[in-house]
Amino acid sequence: MLAATLFICSVALSGARADADATTTEPPPRPYAFSYTAGRYPGHTDRQHAEVSDGSGVVRGTFSYVDPAQRVRTVDYVADREGFHPVLSDPLPALPQDSEAVAAAKDRHLSLYARIAEDHATHPHPDESYVPRQSAAVSAAAARHASLFRVIAEQHARIAAERDALQQEEQLE
């Protein structure tokens, strides 16, 4: 009975190894096409998408959506080995002009940045007097932690030695 079980297990394992060594070839690419429309509530459409693949790795598609200004934006695209190539129906809107407050904040930021960069160029390493030091309370807590750590390490070493001694006694018996 044992011999039969061992034989069956060895056959199963050798078959599994043979399967693991076999390589699977990639199936040929398949063309596909899909499209959908969607909206935020029934009867309302605010986006649509359609895509077609010829199976050779080239994908062509289009999608449209309604932007926050309630304009329909459409993007036609081709994705191929060279990348993703979108064509926008409308050019992107111009960036808004900075308000006086934003312009002043940018100027202040650039001025501070320039001052810090200049300071760092003349003093590339920080002044040691600015490095935070441990207070007396933090030093005392660190010393207490180190003391407790030593006690625990000693206890662990003692327990390990006792365990080793017990294992040696069991092996002698």
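A residue counts as partly exposed when its relative accessible area falls between the buried limit, under 20%, and the exposed limit, over 50%. Keep that scale at hand for this tour of a predicted model.

**Stop 1: the whole chain**

Show the chain as a cartoon. You should find 3 helices and 5 strands, and from the N terminus on they follow the pattern α-β-β-β-β-β-α-α. Now switch to a surface. The chain exposes about 15,300 Å², with carbon and sulfur atoms supplying 61% of that area. Of the 173 residues, 7% are buried. If you list contacts with a separation of 6 or more, residues 24 or more positions apart account for 8% of them.

**Stop 2: the sheet**

Next, select the strands. They form an open sheet of 5 strands in the order β1-β2-β3-β4-β5, paired antiparallel. Which strands stand at the edges? Select 32-38 and 83-88: these are β1 and β5, and each has a single partner strand, so one side of each is left without a neighbour in the sheet. On average, neighbouring strands of this sheet are turned by 10° against each other, direction ignored.

Zoom in on residues 59-66 and 72-80, which are strands β3 and β4. The two run antiparallel and are joined by 8 bridges. Pick Y65 here, and you will see R73 of β4 opposite. Keep R73 selected for the next stop.

**Stop 3: salt bridges**

The count of salt bridges comes to 8. Start from R73, whose partner is D90, with the closest N and O atoms 3.7 Å apart. R73 lies in strand β4 while D90 sits in the loop between β5 and α2 (100-122), so the pair ties together parts that are 17 residues apart in sequence. Is R73 buried or exposed? With a relative accessibility of 10%, R73 counts as buried, whereas D90, at 30%, counts as partly exposed. Add D67 and R71 to your selection: salt bridges that share partners join D67, R71, R73 and D90 into one network.

Within that group, D67 and R71 meet through their side chains in a salt bridge of 3.6 Å, N to O. D67 is buried at 8% relative accessible area, and R71 is partly exposed at 41%.

For another salt bridge, go to D46 and R47, where the closest N and O atoms are 2.5 Å apart. Here D46 is buried, with a relative accessible area of 10%, and R47 is partly exposed, with 32%.

**Stop 4: aromatic rings**

Finally, show the aromatic side chains. A pair of aromatic rings is described by the distance of the centres and the angle of the planes. There are 4 aromatic pairs by count. In one of them, Y32 and F34 have ring centres 6.4 Å apart and planes at 10°, so the pair is stacked; the cut-off for stacking is planes under 30 degrees apart. The opening scale applies to F34, which is partly exposed with a relative accessible area of 34%. Y32 is partly exposed too, with a value of 34%. Add Y36 to the view, and you have a cluster of Y32, F34 and Y36 linked by ring pairs.

Last selection: Y77 and F84. How far apart are the centres of the rings of Y77 and F84? The distance is 5.2 Å, and the planes are at 35°, so the pair is tilted. Y77 is buried, with a relative accessible area of 6%.

Methods
Residues numbered from 1 in each chain as written. Predicted model: local features only at pLDDT ≥ 70, side-chain atom pairs only at ≥ 80, totals over all residues. Heavy atoms only, no water. Pairing = 2+ DSSP bridges. Helix = DSSP H or I, 4+ residues; strand = E, 2+ residues; numbered from the N terminus. Axes fitted to C-alpha atoms, helices over the stretch in contact; angles between N-to-C directions. Buried < 20%, exposed > 50% of the residue type's maximum accessible area, 1.4 Å probe, protein only. Contact = heavy atoms within 4.5 Å. Areas by Shrake-Rupley, 256 points an atom, 1.4 Å probe, with all protein chains shown as cover. Salt bridge = Lys/Arg side-chain N within 4 Å of Asp/Glu carboxyl O. Phe/Tyr/Trp six-rings, centres within 6.5 Å; stacked < 30°, edge-to-face > 60°.
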